[in-house]
Amino acid sequence: MLELIAKMSIYHWYLASTAVLFLLLTFCKPRETKIATSPSFRRFQLIFLVVYLIMMTGDWLQGPTVYRLYSYYGFDRTMNGVLFIAGFGSSMIFGTFAGTLADKYGRRLNCITYGVIYSLCCVTKHFNSFPILMLGRLLGGFATSILWSAFESWMVSEQHSRGFEESWVSSTFSLMTIGNGLVAIFSGFLAQGAVAAYGGHPVAPFDLSLAFLVLGTMVIMVSWTENFGESKGSMLHGLTEALATVRRDRKVWLLGALQSLFEGAMYTFVFMWTPALEYNVVEGPKGAPEDIPHGLIFSTFMICCSIGGSVFSAMVTRAKPEKFMGYVFAISAGTMAVPVLTHNKAAMMAAFCVYEVMVGMFWPGMGTMRSKYVPEEGRATILNLFRIPLNFLVCVILYYQGQLPVAHVFLFCVGFQLACTALMVVLMHATEVPPRNSDGDDCGTLPLV
């Protein structure tokens with residue numbers, strides 16, 4: 001036992017520590033931090049979460065091996081980059097219309113469409129053809145925009161129509177975050193096992209993903225009811241109305257700016273944590289990258305994200321997210337500054353774990369605030385409008401990330417998080433204004449500074 005402990009790296013210690021902390025938070029949570037709900041709400045919550053986590057498993061199964069699959073087919077780093085940019089670009093361009101389609105023709109139908117389109121994306125991975133793989137990336141980008149808007153829109157609308165208390169939505173968002181982190185870990189191991197079972201071919205996880213997507217789609221078809229946003233008028237009318245809402249409602253566009261900036265930094269972190277931790281302290285930037293256990297680190301980050309969801313569920317019983325989300329953004333800025341200041345692996349790993357906890361608090365916090373301030377009639381459209389600047393930022397980062405030092409890229413992340421902190425202060429004061437009237441306008445005004 002002592003010999004095994006002696007061989008553990010800092011990454012093993014962080015994994016063990018975060019796992020113990022998550023278990024303590026899960027099973028030793030004080031009763032007063034649990035939100036009291038009704039049996040009918042818990043049944044509704046279970047139906048939604050089962051589908052959502054099945055669909056998220058289908059998404060997570062693809063992530064760990066998509067770059068490896070393209071390399072297996074003989075595409076170099078440049079061609080890989082083109083395919084990835086195409087995916088985010090597709091989400092940026094076509095995602096706007098996905099939201100309008102959801103509001104006009106139904107969120108349930110849009111979620112079913114997600115399962116169909118993402119399944120077709122999985123099928124394209126069987127072809128060693130750049131045009132077919134490009135088609136798959138375009139389909140995947142479109143499907144992803146549905147995943148991050150239609151499911152949330154359906155859940156929030158259904159909760160309102162069934163007469164459940166508005167405060168209960170925060171518990172669903174918290175469970176979505178906790179469950180998402182856990183299925184991400186499960187999916188990583190499942191994907192690795194599938195590759196081994198297929199004799200090393202990295203297309204195997206995509207076949208598993210296809211199975212989960214089909215299963216989730218079938219469950220939606222038999223267990224979900226339909227709900228709509230703005231179903232009158234053309235799609236262009238719905239898009240125009242959504243843009244008008246963002247322009248005139250301060251709280252809505254502040255939420256959009258917060259989401260774009262924070263997630264822009266988050267996706268930058270996804271690309272940059274590997275080169276930061278692989279930095280060769282002895283040989284410097286021109287040295288060979290150090291070997292690190294990527295899967296173990298990823299699992300640690302996902303556990304930390306689930307910890308964040310648990311912390312949020314405890315804090316939201318004591319204060320509204322508007323009161324404490326500013327601290328989430330400020331702490332995130334501090335963690336992103338660590339790789340700028342040091343190459344110490346233990347320090348960076350500690351900072352990255354804290355950052356992932358903040359990410360785990362960000363998702364349910366933003367979801368709860370969106371459920372309050374984004375109008376129901378154009379919810380899916382507005383959520384996808386939020387993702388336009390986000391996807392643009394990610395495309396730019398993907399294009400330039402290989403040309404900038406790692407420390408400089410993290411400086412951009414610090415700037416994004418500090419901007420979020422300032423915007424959150426403005427939003428916190430804006431939410432003290434009386435709520436929106438029946439026409440969807442603010443019932444008061446507040447200067448931006």
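User: Are E152 and R370 buried or exposed in this model?

Analyst: In this predicted model, both E152 and R370 are buried, which means that the relative accessible area of each falls under 20%.

User: What makes the contact between E152 and R370 a salt bridge?

Analyst: The term asks for a side-chain nitrogen of Lys or Arg within 4 Å of a carboxyl oxygen of Asp or Glu. For E152 and R370 the closest N and O atoms are 2.6 Å apart, so the pair meets that cut-off. The pair also links distant parts of the chain, since E152 belongs to helix 8 (residues 150-161) and R370 to helix 15 (residues 345-373), with their positions 218 residues apart in sequence.

User: Why is the pair of R387 and E263 given the name salt bridge?

Analyst: The closest N and O atoms of R387 and E263 are 3.4 Å apart, and this is still within the 4 Å that the rule allows, so the name applies. Here too distant parts of the chain are linked, with R387 in helix 16 and E263 in helix 12 (residues 250-278), 124 residues apart. Both partners, R387 and E263, are buried.

User: What can be said of D103 and R107, and how many salt bridges does the rule give?

Analyst: D103 and R107 form a salt bridge, their closest N and O atoms being 2.9 Å apart, and each of the two residues is buried. By the rule, the count for the model comes to five salt bridges.

User: Why is C121 not counted in a disulfide?

Analyst: A disulfide is a covalent bond between the sulfur atoms of two cysteines. The cut-off for calling one is a sulfur pair within 2.5 Å. The closest cysteine sulfur to that of C121 lies in C122, at 5.6 Å, so the separation is too far for a bond. The same 5.6 Å leaves C122 in no disulfide, since its nearest cysteine sulfur is that of C121. By this rule the count comes to zero disulfides.

User: Are C121 and C122 buried or exposed, and how do you know?

Analyst: C121 has a relative accessibility of 3% and therefore counts as buried, while C122, at 1%, counts as buried as well. Each conclusion rests on the requirement of a value under 20%.

User: Why is T96 called buried or exposed, and which residues does T96 touch?

Analyst: T96, which lies in helix 5 (residues 77-105), has a relative accessibility of 7% and so counts as buried. Not counting residues up to four places away in sequence, T96 touches L239, N384, L385 and I388. With I388, T96 forms a pair 292 residues apart in sequence whose C-alpha atoms are 7.6 Å apart in space.

User: What value places Y267 in its accessibility class, and which residues does Y267 touch?

Analyst: Y267, found in helix 12, has a relative accessibility of 17% and therefore counts as buried, given that the limit stands at 20%. Leaving out residues up to four places away in sequence, Y267 touches R387, L390 and V394. The C-alpha atoms of Y267 and V394 are separated by 6.8 Å, although the two residues are 127 residues apart along the chain.

User: Is Y399 buried or exposed, and what makes up the nonpolar surface patch that includes it?

Analyst: The relative accessible area of Y399 is 53%, and exposed requires a value over 50%, so Y399 is exposed. The patch, of about 620 Å², is made by F392, V396, Y399, Y400, L404 and F412. Helix 16 (residues 379-400) gives the largest share of the patch, with four residues, and Y399 has its place in that helix.

User: What is the secondary structure of the protein, and what share of its residues is buried?

Analyst: The secondary structure comes to 17 helices and zero strands, and 53% of the 449 residues count as buried.

User: Where should the coordinates be read with caution, and why?

Analyst: The protein averages a pLDDT of 85, and 88% of the residues score at least 70. Over residues 435-449, however, pLDDT stays under 50, and the model has 31 contacts beyond four places in sequence for that stretch. Where pLDDT is low, the predicted coordinates should not be read in detail.

Terms used:
Residues are numbered from 1 along each chain as its sequence is written. This is a predicted model: local features need pLDDT of at least 70, side-chain atom pairs count only at pLDDT 80 or more; totals for chains, interfaces and linings use all residues. Side-chain values use heavy atoms; hydrogens and water are left out. Helices (H or I, at least four residues) and strands (E, at least two) are DSSP runs, numbered from the N terminus. Buried means under 20% relative accessible area, exposed over 50%, partly exposed in between (1.4 Å probe, protein chains only). pLDDT is the predictor's confidence in each residue, from 0 to 100. Contact means heavy atoms within 4.5 Å. Patches are made of residues with over 30% relative accessible area and no salt bridge: like charges are joined within 9 Å, nonpolar side chains (Val, Leu, Ile, Met, Phe, Trp, Tyr) within 5 Å. Accessible areas come from the Shrake-Rupley method with a 1.4 Å probe; for residues, only the protein chains shown count as cover.
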